Amino acid sequence: MAPYRRMGRTSATVGAVLAVASLLLAPAAAQFQQLQSPAQRQLLILVQDIQNRLAQQQDFVRQQQQDFLRQQGRLQAQAVQAVPQVIVQEVVEAVEQPQRRVIEVQPQPQPQLQPARPRQGPRPRPQPPANDSAKPQFLEPGVGRWLINGDPACLPCICEAASGCDETLGCDDRGFCGPFLLSKRYWTLAGKPLLRGDSPDRPGAASDCLRDSFCAAEAVRGYLDRFAQDCDGNKRVDCFDLARVHFQGPFNCRSPLNPPSDFSDTFRRCWDASRQNNGQ
């Protein structure tokens, strides 16, 4: 019997909902009179309550929109009324208190015309001032290297005077190495030139460089470029001064470089022969 009772209750509920849905379109009084059961009347009351709440919310939203539009209209009217007042006030203040503007005209400096430089001839070799003091006066960096490169016989004659330019020489017991007979201190003061791929921190880097003719020649260029000076006091620097710096050191090159020194004799013959061949 329980299934039949459940089916009866379900059919009654569905019938009530359908009846309520069909009666929503009729006036409320007629709907209320046509409803027979209390359940149908309760559903109708619930639906009417929901409709009333929705109507109240719509009225509230509509009222808020109207209030917003009225507030916006008042603000626009106030803004339109305030703009002319501000403009009039600024104009009145400008008329009552006029300001004077003073423009200072500063004279523009006239460009100075540079005189045309005369054409220069070949660059003369720089000559040092007279070396009257005991302290050596070294030339600016780069000048000594420029002097060596300008005299093609300078380095070959220094090499010839040092060892006959023997490229097979190693290092003697005093620590002089290669065709120029250079020491490790000389190599250090020259800027530590290196063979390709070598490192100055390697113990044999100095001796390997000094035994190589090209690396040793670079060491001589760096050393003489650093300490180039007028050793004989004739107010000009040439390869003879550089040879004295190389052989006697930068602080003792004023001492005469005369025979019977093998270096001075050999260098003088080589350099004089080169100058005669070049017509100097």
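How many disulfides does the count come to? The count comes to 6 disulfides, a disulfide being a pair of cysteine sulfur atoms within 2.5 Å. The structure is a predicted model, in which local features need pLDDT of at least 70 and side-chain atom pairs count only at pLDDT 80 or more, while totals for chains, interfaces and linings use all residues. Residues are numbered from 1 along each chain as its sequence is written, and side-chain values use heavy atoms, with hydrogens and water left out.

When the bonded cysteines of the chain are numbered in sequence order, the pairing reads 1-10, 2-12, 3-4, 5-6, 7-8, 9-11. Among the disulfides is that of Cys 157 and Cys 270, with an S to S distance of 2.1 Å. The angle about its S-S bond is -75°, and the link is left-handed. This pair links distant parts of the chain, 113 residues apart: Cys 157 belongs to helix 5 (residues 154-163) and Cys 270 to helix 10 (residues 262-277). Helices here are DSSP runs of H or I with at least four residues, numbered from the N terminus. Cys 157 has a relative accessible area of 1% and is buried, whereas Cys 270, at 23%, is partly exposed. Buried means under 20% relative accessible area, exposed over 50%, and partly exposed in between, computed with a 1.4 Å probe and protein chains only.

Cys 159 is joined to Cys 165 by another disulfide, with S to S at 2.1 Å. This link is right-handed, with 100° about the S-S bond. Of its two cysteines, Cys 159 is buried at a relative accessible area of 1%, and Cys 165 is partly exposed at 32%.

A disulfide also connects Cys 231 and Cys 253, with an S to S distance of 2.2 Å. The link is left-handed, at -95° about the S-S bond. Cys 231 is placed in the loop between helix 8 (213-227) and helix 9, and Cys 253 in the loop between helix 9 and helix 10, so the disulfide ties together parts that are 22 residues apart in sequence. Cys 231 is buried at 4% relative accessibility, and Cys 253 is buried at 1%.

Both of these cysteines are in contact with Val 245, a residue of helix 9. Contact means heavy atoms within 4.5 Å. Val 245 is buried, with 0% relative accessibility. Beyond its neighbours within four places in sequence, Val 245 also contacts Tyr 223, Leu 224, Phe 227, Gln 229 and Pro 250. The C-alpha atoms of Val 245 and Phe 227 are 7.2 Å apart, although 18 residues separate the two along the chain.

His 246 is likewise located in helix 9 (residues 239-248). Its relative accessible area is 11%, so His 246 counts as buried. Residues up to four places away in sequence aside, His 246 touches Ile 158, Phe 180, Leu 182, Tyr 186, Val 220, Leu 224 and Phe 263. Leu 224 thus appears in the contacts of Val 245 and in those of His 246.

At the surface, Leu 43, Leu 46, Ile 50 and Leu 54 make a nonpolar patch of about 350 Å². Nonpolar patches join side chains of Val, Leu, Ile, Met, Phe, Trp or Tyr within 5 Å, from residues with over 30% relative accessible area and no salt bridge. A salt bridge is a side-chain nitrogen of Lys or Arg within 4 Å of a carboxyl oxygen of Asp or Glu. Leu 54 lies in helix 3 (residues 38-96) and is partly exposed, at a relative accessible area of 47%.

Terms used. Helices (H or I, at least four residues) and strands (E, at least two) are DSSP runs, numbered from the N terminus. Patches are made of residues with over 30% relative accessible area and no salt bridge: like charges are joined within 9 Å, nonpolar side chains (Val, Leu, Ile, Met, Phe, Trp, Tyr) within 5 Å. Accessible areas come from the Shrake-Rupley method with a 1.4 Å probe; for residues, only the protein chains shown count as cover.
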